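Trainee: Could you take me through one part of this model closely, the place where the two chains meet, and then work outward from there to the elements around it? I would like one connected account rather than a list.

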Amino acid sequence: MNGIKIVVLAKQVPDTRNVGPDAMKADGTVNRSVLPAIFNPEDLNALEQALRIKERYKGVTVTLLTMGPVRAAEIIREGLYRGADDGVLLTDRAFAGSDTLATSYALALAVKRLAPDIVIGGRQAIDGDTAQVGPQVAEKLGWPQVTYAEEMHLEGDRLIIRRRLERGVETVSSPLPLVVTVNGTAPSCRYRHARLLMKYKYARTDTELQAESSDYIAAGRPAIKITEWGVEAIGADPEQLGLSGSPTKVKEIENVILQAKESKRLTASDKDIESLVRELIENHTIG
Amino acid sequence: MNNLFVFCELDEGRPAEVSLELLTRGRSLANTLGCRLEAVILGSGLDGIENELFPYGVDVVHVADDPVLEHYRTMPYTSVITGLFRQEQPQIALMGATTTGRDLGPRVSSALHSGLTADCTGLEIGDHYVKKTDTTYKNLLYQIRPAFGGNIIATIINPDHRPQMATVREGVMKREIVNKNYSGELKKIDISAFIKPEDLAVEILERHIEPRKVDIKAAQIIVSGGYGMGSKENFALLYELASVLGGEVAASRAAVDAGYAGHERQVGQTGVTVRPKLYIACGISGQIQHTAGMDQSGKIIAINNDPMAPINSIADYVINGDVAEVIPKLIKYYRANAK
């Protein structure tokens, strides 16, 4: 099959894996601004799968689709540096506060407009770990979904996918179009390509161009545009977006403060270790 | 009508552990709500399966038994579950946060336009007052889960949409038989009413599922290693200690991600929840995602070099030292003192 069109779903996320002490504000809430914003790790695994298909078959194009604030254009550039052909940023105030279902509604409309044969996304994003958006987008499109993918290739007009399950693997065959979500156990994404970095360094969305200082324009760089879509571009019903379109509500947020309990402090000395072992044997914890 | 439903999965032909745990929790929530507990189970060759579910206090077991349902596939399972839910209008629907539940749950919630909360660590019933409209929602399902990398605990509710859906990982809830002779009703689902030919478009070509081997949940003593162990080789020390004490080896997510141990040994929010008599945390800093899966342990020993490690604050014993030095000593003195 030639001329396959792939959309990669990607999200810019705060790097919750490296939350340092300064990441909490004095009132105990999370200070998002000090957390670095990164390309969601499993979405990079997804991008790699798309790029492998592009290398293997003729005429495949890879479009990155992300929803987020203007600065999320950063991950589109990141994708372009690694081999994606173009990118679409879904950005609009109306999207703010969307839960996974409202997010999926918007993404599904954008996917419809792009009309790809394959949608590939990461299994889940590290800021929520829900793994819901992929399947919900698939359902909104009425397409099959294949989750936890590790490897895939085309066979005739079907995609053959190996999935990682809890205690094994499964290989499935699906017609196109479909939505695939990729597991973190899939191959890592390739690095940026120097040539592509030079080519796309100045790729900007319209909003970025307006906001940016004139040095970009002064440098006389070719204007490679990143497509920017809002609510109207995808024909979304605002009622289905944001807080009003989200069935789940956050009732309460509690900041985690670990309860201190009386603990016995010991050293690695023979005396301390032996007395601990004896104590555990005496109170029947071990032995 | 408006009962509490639990989607039950099969594991090697038997109801999965996580499903039985959810039935146990579901029974107690149903008691609070004054509604019935219903189970739904899909598969092939399920004769008599209902008798394994009734003892958990299940009032109705819905069974869909057909060769096309032998192995889980997204589309036919979604069609049966959404079809049944449209008909039965459950107020709450729970499923395991397994590879199946996490594939099926979002698909079903999208089809029914209902809210779903993944990987809950707590489920409670409570009210919710909205000041703006002066409305009180009675008896909502509080879906409690860590979020934002475990730095916050969020309580999520779905005030206006039904069913209120949640997934829960294995080991988070306790499993308990209510009554061996509990009598419930069996209802067979006619799948031809729900499944469309296009639901069968995805074919399973091959399947290799390993039998369940490592079972850290059942272990009374767990020796667990974190990223601080430094290497896969250093994990050998943990296996040695575990074998001497008659326990199992577990690991934190960071250690599993680093390749020090297999995912089946992972303890925490995205792994298994354990409640052993003794939990020995070696080189584990103790992020909330990890402690959420082990803080109910009888006794906790933390061995690490970091006096400020969060794990120390929940440990009964903190050994400040190098694991490579401490573990051989533990083995030595255990051998010398054990009767």
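**Where the two chains meet**

Mentor: Strand β9 (residues 168-175) of chain A pairs with β13(B) in the antiparallel sense, over 6 bridges. Within this pairing, S173(A) stands opposite E203(B), which belongs to β13(B). Please keep in mind throughout that this is a predicted model.

The strand pairing belongs to a contact that takes 74 residues from chain B and 64 residues from chain A. On the side of chain B that touches chain A, the elements giving two or more residues are α3 (74-88), α4, β7 (116-120), β9 (135-147), β10 (152-157), β13 (203-209), β18 (317-320) and α8 (323-337) of chain B. Sorted by class, that side of chain B has 34 nonpolar, 23 polar and 17 charged residues.

One of the elements just named, α4 of chain B, leads us to a helix of chain A. The buried residues of helix α4(A) pack against α4 (101-112) of chain B, and also against α3 (100-114), β6 (118-122), β7 (145-155) and β10 (178-182) of chain A. Because 8 of the 9 residues of α4(A), which covers residues 133-141, are buried, this helix is largely enclosed by the rest of the structure. The buried residues are V133(A), G134(A), P135(A), Q136(A), V137(A), A138(A), E139(A) and K140(A), and just after the helix G142(A) takes a positive phi of about 75°.

A second helix of chain A can be read in the same manner. Helix α2 (residues 73-82) of chain A is mostly covered, with 9 of its 10 residues buried, and these are A73(A), I75(A), I76(A), R77(A), E78(A), G79(A), L80(A), Y81(A) and R82(A). The residue that follows α2(A) is G83(A), and its phi is positive, near 130°.

From G79(A) we can step to the interior, where V8(A) is in contact with G79(A) and, leaving aside neighbours within four places in sequence, also with A46(A), L47(A), A50(A), V62(A), L64(A), L65(A), A84(A), I120(A) and G121(A). V8(A) is one of the residues that touch the most other members of the largest nonpolar core, which has 71 residues; the others are A106(A), L107(A), A110(A) and V180(A). The largest share of this core, 9 residues, is supplied by α3(A). Apart from it lies another core, of 56 residues, among them V6(B), Y56(B), I92(B) and I195(B).

Turning to chain B as a whole, its secondary structure comes to 8 helices and 18 strands. Its radius of gyration is 22 Å, which agrees with the value near 20 Å that a compact globule of 339 residues would have, and its C-alpha trace spans about 65 × 55 × 40 Å along the principal axes. Of the 339 residues of chain B, 54% count as buried. Among contacts in chain B with a separation of 6 or more, 65% are made by residues 24 or more positions apart.

Finally, K225(A) offers a contrast to the buried helices: it is found in the loop between α7 (215-218) and β11 (227-229) of chain A, and K225(A) is partly exposed because 13 other C-beta atoms lie within 10 Å. The C-alpha atoms of K225(A) and D272(A) are separated by 66 Å, although these residues are 47 residues apart along the chain.

Conventions
Residues are numbered from 1 along each chain as its sequence is written. Chains are lettered from A and ligands numbered from 1 in the order in which they are written. This is a predicted model: local features need pLDDT of at least 70, side-chain atom pairs count only at pLDDT 80 or more; totals for chains, interfaces and linings use all residues. A residue is buried if 20 or more other C-beta atoms lie within 10 Å of its own, exposed if 12 or fewer, and partly exposed in between; C-beta atoms are placed from the backbone. Helices (H or I, at least four residues) and strands (E, at least two) are DSSP runs, numbered from the N terminus. Two residues are in contact if their C-beta atoms, placed from the backbone, lie within 7 Å. A nonpolar core is a set of buried Ala, Val, Leu, Ile, Met, Phe, Trp, Tyr and Cys residues joined through C-beta atoms within 7 Å. Ala, Val, Leu, Ile, Met, Phe, Trp, Tyr, Cys and Pro count as nonpolar, Asp, Glu, Lys and Arg as charged, and the others, Gly among them, as polar. Two strands pair if DSSP finds at least two bridges between them. The radius of gyration is taken over C-alpha atoms; the globule rule is 2.2 Å times the number of residues to the power 0.38.
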